[in-house]
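Reader: Hey, could you pick one part of this fold and walk me through it up close? I'd like the partners, angles and cut-offs spelled out.

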Amino acid sequence: MTRRYPPGPQDWCLGFRLAQRFRSDPLSFASEVARSYGDIAYFRMGPVRAYFINEPALIRETLVTKNKSFRRPEWVIGPLRRLDGNGLVLSDGEFWRRQRRLVQPAFSTKRFDGYAQVTVEYTRRMLARWSSGQAFDITTEMTRLTLEIIAKTLFGLEVTGRASGLGNAVRVISETFVQESGNPVHLPDWVPLAGKRRKREAMRTLDGLAWSIVRERRASGEDCGDLLSMLLLAVDEEGDGGGMSDLQVRDEAMTLFNAGHDTSAAALAWIWYAVASHPEIQDKLAEESAAVLGDRPAQHADVAHLSYTERVVKESLRLYPPTWAMVPREAAEPVELGGYQLPRGSWVYIFPYVTHHDPRFFENPQVFDPDRFAAGRVEAIPQYAYIPFGGGPRVCIGASFATMEMMLIVASVLQRFRVKLAADQGPVEPEALIAMRPKGGLRVELEPRAQHAAVS
């Protein structure tokens, strides 16, 4: 028998107090709802019927078996659409499927040798600027690094001198998206408010970059071997045989540019926090780096041999998932889920942050334990309990690229330096923007490795 509503928190103020709690501290609120009400919970947030699911089978049902019954709520994605347009993250239906087919070849593993070379080259440039005894905010460094990498692999563009300004623009967009998507009213961007002015300036910075490069490359017709060339030359051989318009290329380029560095930078910041907080784990990482790489630069072929590094990356993504919440799904039609009938228009929330901390799926979930992902243990993790890149047909298209990038950066840094938390770094708290980051940054100090080659 299909029931109507699962249990959940009550709010006699039409759900607006719950909406305010959700908006002000989403990580704590979502965790509390999961602890109190289990696999599926229901409550109202004003006009929205909200369902929280925190059970792998239900997550799989939503993302895979019944994914065509759901769409992205325009109310949530509307503020971001003004920048990303109708790119992969925000599009739906047949248009999304066509765009996915066209973009997918850019992430073929046969292209990873070149991507890895760019990653290591820019990492070693960064290391040449670092020095022993130096203390700095590593979140800023990781943002600049990943931005330089994605600009080079995507556009074939050197942005070293502009990385700081571009990174600030992305952060402004992230902050305003989180704020605006939770507002009961969306004000137009022309409203003369300070926040709107900052957003307009940030959008002009990013949009101007994307359009100038798309138009220049389209005019030249040159195949530079980067992602942008692939987007411009892509042909939908399984569909209509057509390619992308300049607007579609711009939207996909902007989507990949934003997602391709913001989440990776946040993930790397958390990796360095975990590594700096666990010296014994850092020592094992450095030993593996020395054994696999010696003094030479890393390359894509090394990824297969950096097994402990991979486990550290995966465990950090479990404990500190940058994609702490997936974009909610809106029921496009009445749909049954977990024995309940969800009316059309209902919103389903999935929180990787909450699922990754559930003791039913991860023993001692607050403990940083990379060997959860070792052979013999990883098999015990239920499918869809671990979803740092989402799941189903809409799983992150750049998941393998991002994992490779993080592994090579970690191995390259630990060839030369030991990383520890700076003396003035206080307690570290998460900040739930588009990507979850250490609030206020993360200050670290560098110590030299006993033996290393000079970075050339």
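Author: Let's start at Y51, whose bridge partner in strand 8 is V348. This is a predicted model, so to speak of a local feature at all takes pLDDT of at least 70, while side-chain atom pairs need 80 or more and totals for chains, interfaces and linings take in all residues. Numbering runs from 1 along each chain as its sequence is written, and side-chain values use heavy atoms, without hydrogens or water.

Y51 and V348 belong to the match between strand 2 (residues 48–53) and strand 8 (residues 347–350), a parallel pairing over four bridges. Strands are DSSP runs of E with at least two residues, helices are runs of H or I with at least four, and both are numbered from the N terminus; to count as a pair, two strands need at least two DSSP bridges.

Zoom out, and strands 2 and 8 are part of an open sheet of five strands, ordered 1-2-8-5-3, with mixed pairing. At its edges you'll find strand 1 (40–45) and strand 3 (70–71), each of which pairs on one side only.

Two helices are worth following here. Helix 1 (residues 16–24) packs on the sheet and touches strand 1, strand 2 and strand 8; contact here means heavy atoms within 4.5 Å. The direction of helix 1 makes about 110° with that of strand 1. Angles run from 0 to 180 degrees between N-to-C directions, with axes fitted as lines to C-alpha atoms, for helices over the stretch in contact. Helix 3 (residues 56–65) lies across strand 1, strand 2, strand 3, strand 5 (329–331) and strand 8, and it runs at about 125° to strand 8.

Strand 2 also turns up in a void. The structure holds one cavity of 30 Å³ or more, that is, a set of points on a 1 Å grid over the protein atoms alone where a 1.4 Å probe fits but cannot get out. The largest cavity has a volume of about 50 Å³, taken as the space filled by probe spheres set on the points, which are joined across faces, edges and corners. Its lining, meaning residues with an atom within 4 Å of a point, consists of A30, V33, A34, G38, F52, I53, N54, F351, V354 and T355. Helix 2 (26–37), strand 2 and helix 14 (352–356) each give two or more of those residues. Helix 2 has the largest share, with three.

For contrast, there's also an open sheet of three strands, in the order 4-12-9 and with antiparallel pairing. Strand 4 (135–137) and strand 9 (417–421) each have a single partner strand, so one side of each is left without a neighbour in the sheet. Neighbouring strands there are turned by 35° against each other on average, if you ignore direction. Strand 9 and strand 12 (residues 443–448) pair in the antiparallel sense over five bridges, and F417 stands opposite P448 in strand 12. Helix 7 (residues 138–155) packs on this sheet, touching strand 4 and strand 12, at about 60° to the direction of strand 4.

If you like helix crossings, try helix 11 (residues 246–277) and helix 13 (residues 307–319): their axes come within 9 Å and cross at roughly 105°. At that contact, A267, W270, I271 and V275 in helix 11 meet V312, V313, S316 and L317 in helix 13.

Conventions. On a 1 Å grid over the protein atoms alone, a cavity is a set of points where a 1.4 Å probe fits but cannot get out, and a pocket is an open set with protein on both sides within 12 Å along at least five of seven lines; lining residues have an atom within 4 Å of a point.
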